[in-house]
Amino acid sequence: MNKVATVSRRESLPGLLFVSPALLWLLAFFAAPLLAMIAVSLHDSATGQYGIGNFVQVFTEKAYTDALFNSLTLTAVVTLASLVLAYPLAYSIASLRSARIQRLALTFAVLPFWTSYVVRSYAWLLVLAPTGPLNAALMALGLIHTPLRLAYSTTATEIGFVHFFIMLDTLTIYASLVQINPRLALAARDLGASALRTFLSITLPLSVPGIAVGAFLTIVLCIGDYVTPQILGGMRAIVLPQTVMMQIQKHLDLPMASAMSLVLTVIMAVAYLALYRFLRPEEPGR
Amino acid sequence: MSAVQTRYAGGWKQLICKGLTATYIAACFCFIFAPVAVLVLFSFQDGRLPVPPFHGPTLHWYGQALANDRLLSAMGHSFVVGAGSAFLSVVLGFLAAYGLARYRFRGQALVRGILVLPMAVSYLIVGMGLLVMASWLNIAPSLWLVCISHIVINMPLAFAICSAQFNPAQVRMEMAAADLGASLPRVLLQITVPMMAPALIAAFILCFTLSWDEFLTAFLLSRFDITLPVAIWGLLRGGLNPQTNAIGSMVFFGAAALALGAEYLMFRKKSS
């Protein structure tokens, strides 16, 4: 801190010159558009007046509150399910014998990341279709007699999301699991703690940063996504990004779309603040 | 309990543990690979529907996809937007990372925070903001806007990758070059950039694949000339079609190869 405080203005010039292109770019194409969005969201396209009417509408009109509710529940379900399924996977991979095998398993675990984002949802549509492989397999096993109607439903959206976020969470959780000093767990075992106790009071708390990063990314990416619910959800439980796109495409109502986008941004900011404590990189000596 | 029994019990427990671990990993891999496997398998479907039963392999749909002018021109657009935005993202991100790593100035933490901020905001917000601003300024949607939005999205990532790879040992080499009379641009181009090459290439590849695959801002900000994900989106309106499988499989294999290449570069850097 001290060093920075004593830097003279002349010395800080070259550093600022190097960062200024990137800063200016974000100022012009990220900050300014955000401000424009805020200004536009305060404009009521029906009456032509300025005010918070659009925001009031988002929180009072049933279509919008439903979308808000759907978005929040979908995100909560997806975030929890992904973490619960990804943790054992990350743990299993971290417990594999050699670092090379672990790395190989991890690389393969996230390989489907690289399917095109639009195509990934389409592929789930195929898997879940009434005549698709999943139903075919279940019927062949005699578990069901009529095909399950999985495609075009909220369940399908959830499956599509969980599929993506398991991969993401596995990466972040694995990254924090392998950073834990194995001696801590060994010491706990030596002192008589059971395997479960060791896991609950040593391993799990120390892997919280990985969980938090995974949860944060899941929340931001899930609540802001349009493609997965649009392709897989079958317009049943519409989520906020879908209503935003409808405002833009059908009603050409940019002010309303802006207001809803800003509500989304605020939700993300809340998620960030709630998880901030865990997201901050660990300072040495803390 | 004797030592042997303990070991015996431990052996069984261990075996069960190992079995469970392997089973869980296998189950997860089945789930993770299910859509990709179905996508690729039915891209070879000899029939109109990409669902079971599988009628036998044909390359018909690959031929169709590669003869589809709309898809091909979209692929070209995606390539140009991807390469252009990735290049600028890496240049801007590298310069910023360099400035922050080699110079001390007031407000460094703030600058760092601002530079990574777009990573915490969804693509929808970035796209919406640019759309609102463009319509305000009466700028028609175009690939230029798509490119601009992709730089906003990817530059923070390139910055983060470059920042992580800068280390104090490199400073000495830069100082040595400067002492021998090299000007700052020359030091940058002949010393710093070659030293950072693996990180720069990895960042470029990552930015390119992300731009190549980005749908939402591309959808919002383009109109007549569209990128590949937007073209695929258009195909989806026709329902299930093996042609979509074919183009999707091709994109998957291309992107996976690029991603593995980028990872190899980063991994090699770390282990050397």
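**How chains A and B fit together**

Put chain B against chain A and about 7,000 Å² of area gets buried between them, with carbon and sulfur atoms giving 83% of it. Buried area here is the accessible area (1.4 Å probe) that two parts lose on being put together, summed over both. In chain B, the residues that lose the most area to chain A are Phe31(B), Ile32(B) and Ile125(B), together 9% of what that side buries. This is a predicted model, where local features need pLDDT of at least 70 and side-chain atom pairs count only at pLDDT 80 or more, while totals for chains, interfaces and linings use all residues. Residues are numbered from 1 along each chain as its sequence is written, chains are lettered from A and ligands numbered from 1 in the order in which they are written, and side-chain values use heavy atoms, leaving out hydrogens and water.

Counting contacts (heavy atoms within 4.5 Å), 77 residues of chain B touch 81 residues of chain A. The rule finds 6 residue pairs in polar contact across this interface, both residues being at pLDDT 80 or more. A polar contact is a pair of N or O atoms within 3.5 Å; within protein, one must be able to donate a hydrogen and the other to accept it, and residues adjacent in sequence count only if both atoms are side-chain atoms. Helix α1 (residues 3-41) of chain B gives the most to the side that touches chain A, with 13 residues. Helices are DSSP runs (H or I, at least four residues), numbered from the N terminus.

One residue to look up at this interface is Ser92(A), in helix α4 (residues 62-94) of chain A. Ser92(A) counts as buried because its relative accessibility is 6%; the cut-offs are under 20% for buried, over 50% for exposed, and partly exposed in between (1.4 Å probe, protein chains only). Apart from its neighbours within four places in sequence, Ser92(A) is in contact with Thr21(B), Tyr24(B) and Ile25(B).

What about salt bridges, meaning a side-chain nitrogen of Lys or Arg within 4 Å of a carboxyl oxygen of Asp or Glu? The whole structure has 2 over all chains, but 0 turn up across the interface of chain B and chain A. Lys62(A) pairs with Asp66(A), with the closest N and O atoms 2.7 Å apart. Lys62(A) is exposed at 58%, whereas Asp66(A) is partly exposed at 31%. In chain B, Arg102(B) and Glu174(B) form a salt bridge (2.7 Å, N to O). Arg102(B) lies in helix α3 (residues 69-102) and Glu174(B) in helix α7 (residues 168-179), so this pair ties together parts 72 residues apart in sequence.

Terms used. Helix = DSSP H or I, 4+ residues; strand = E, 2+ residues; numbered from the N terminus.
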